[in-house]
Amino acid sequence: MQALIYRSTGSWYTVKTTTTGEIFQARIKGVLKLDEDITSTNPIAVGDIVDIVPEEGDANAKNAMITDIEQRRNYIVRSSPHKKGNAKHIVAANMDQAMLICTVKEPRTSNGFMDRFLVTAAAYHIPVVLVFNKKDIYKEKEIDRFAELAALYEDIGYTVKLVSAATGDGVDELEAMMKDKTTLMSGHSGVGKSSLINRLLPGLELRTKAVSGWSGKGLHTTTYAEMYDLPIGGKLIDTPGVREFGIVDIDKPELSHYFLEMQPYLSQCQFNNCLHINEPGCAVKAAVEAGEIDMERYVSYATILESIKEEEY
């Protein structure tokens, strides 16, 4: 029978059948672990559609064996947090959209982190909503900074929202955007993602932690990805807070294709394999100099390009 992965804790998976909604605790059939096409540290991710066979024995145990994985529609992947080199970790699969939870302060989300996430999502055609949380603690300076970032990313084509998990301000609007969709929610540790999910799923009461005072960085609360059914219809995938988002599976010449504002200029460059750094006749650099492409975004592009060079070449 077919089932959906709701939770992954390493060797065991919580699955829900797509027809009857039965819950099983499932393991991977040994042969799947050796599949050469599966090169990530986790062969199965939350959101995957799988085939399962209930195990014989105690009818109340509800254990099953995962025998096959359906082709993924899309997925979000990052470099593995536990293994060095080019190991990759699939964060989640088969989503309709992603919401990246950001903050202007306590802790501040860097443009570089946002851009790395947006590049990875663009590579797999996943629409992203940038959700800035903690509106309730923003003073004039932070509101001005938010307005700058909103103008920048909305001009590129992204949806940007300002909310407060603490007061509930703007959460109804997010909920309406999530109705009948599968939404991945990600972000730095400490941005208030768990508090926001608690607003969207009353009674869930995910653990929340304050930002670490000495470092200004968030403390991890979620330790594994998990999917929840939304009361209004749709699903929410919660992911562990991440400090860094390593780019994988994107070659240097591809990178500019995932900076959406660069796309109109790529065919105008003098060289087909232009990396938009030192090449003559580069239309992207000309657009940056003319103010048509934001300088901060171009710096992000150059920084990510350099990190790909270090990791893969």
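Select His125 in this predicted model. His125 sits in the loop between α2 and β9 (128–132). Check its backbone: phi is positive, about 55°, although His125 is not a glycine. Is His125 buried or exposed? His125 counts as exposed, because its relative accessibility is 70% and the cut-off for exposed is over 50%.

**The loop before α2**

Go next to Glu106. Glu106 lies in the loop between β8 and α2. Glu106 is another residue with a positive phi that is not a glycine, here about 50°. Its relative accessible area is 48%, so Glu106 counts as partly exposed.

Now add Pro107 to the selection. Pro107 is in the loop between β8 (97–102) and α2. Look at the peptide bond joining Glu106 and Pro107: that bond is cis, with omega about -10°.

**The cores**

Select Val128, Leu130, Phe132, Tyr153, Leu184, Leu255 and Val284. Within the largest nonpolar core, which has 78 residues, these touch the most other members. Then colour helix α2 (residues 111–123). Helix α2 gives the most to this core, with eight residues. A second core, separate from that one, has 18 residues. Pick out Val129, Val163, Leu196 and Leu201, which are among its members. In soluble globular proteins, nonpolar side chains tend to be buried together.

Stay with Val284 for a moment. Which residues is Val284 in contact with, leaving aside neighbours within four places in sequence? Show Met262, Tyr265, Leu266, Cys269, His276, Ile293 and Tyr298.

**Helix α3**

Select residues 140–156, helix α3. Put a distance between the C-alpha atoms at its two ends: they are 25 Å apart. The 17 residues, at 1.5 Å a residue, should span 24 Å, so the two values agree.

Now show the buried residues of α3: Glu142, Phe146, Leu149, Ala150, Leu152, Tyr153 and Ile156. Why do they lie on the same side of α3? They cover an arc of only 165° around the axis, which puts them there. Turn to the face pointing away from that buried side. Exposed Glu140 and Asp155 are carried there. Just past the end of α3, stop at Gly157, where phi is positive, about 125°.

**Glu261**

Ile156 leads to the next stop, since Ile156 is one of the residues in contact with Glu261. Glu261 is placed in the loop between β13 (235–238) and α6 (283–289). Is Glu261 buried or exposed? Glu261 is buried, because its relative accessible area is 12% and the cut-off for buried is under 20%. Show Ile293 and Arg297 as well: both are in contact with Glu261. The side chains of Glu261 and Arg297 make a polar contact at 2.7 Å.

**Tyr228**

Move to strand β12 (residues 226–229) and select Tyr228. With a relative accessible area of 13%, Tyr228 is buried. Its side chain makes a polar contact with the side chain of Glu226, at 3.3 Å. Then add Thr182, which is 46 residues away from Tyr228 along the chain. The C-alpha atoms of Tyr228 and Thr182 are separated by 9.5 Å.

**The whole chain**

Zoom out and colour by secondary structure. The chain has seven helices and 13 strands. Of its 313 residues, 50% count as buried. Switch on the surface: the chain exposes about 15400 Å², with carbon and sulfur atoms supplying 49% of that area. Finish with the contact pattern. Among contacts with a separation of 6 or more, 64% come from residues 24 or more positions apart.

Terms used: Residues numbered from 1 in each chain as written. Predicted model: local features only at pLDDT ≥ 70, side-chain atom pairs only at ≥ 80, totals over all residues. Heavy atoms only, no water. Helix = DSSP H or I, 4+ residues; strand = E, 2+ residues; numbered from the N terminus. Buried < 20%, exposed > 50% of the residue type's maximum accessible area, 1.4 Å probe, protein only. Polar contact = N/O pair within 3.5 Å; in protein donor to acceptor, adjacent residues only side chain to side chain. Contact = heavy atoms within 4.5 Å. Core = buried A, V, L, I, M, F, W, Y, C linked by side-chain atoms within 4.5 Å. Areas by Shrake-Rupley, 256 points an atom, 1.4 Å probe, with all protein chains shown as cover. Expected span 1.5 Å × (residues − 1). Arc of directions from axis to C-beta.
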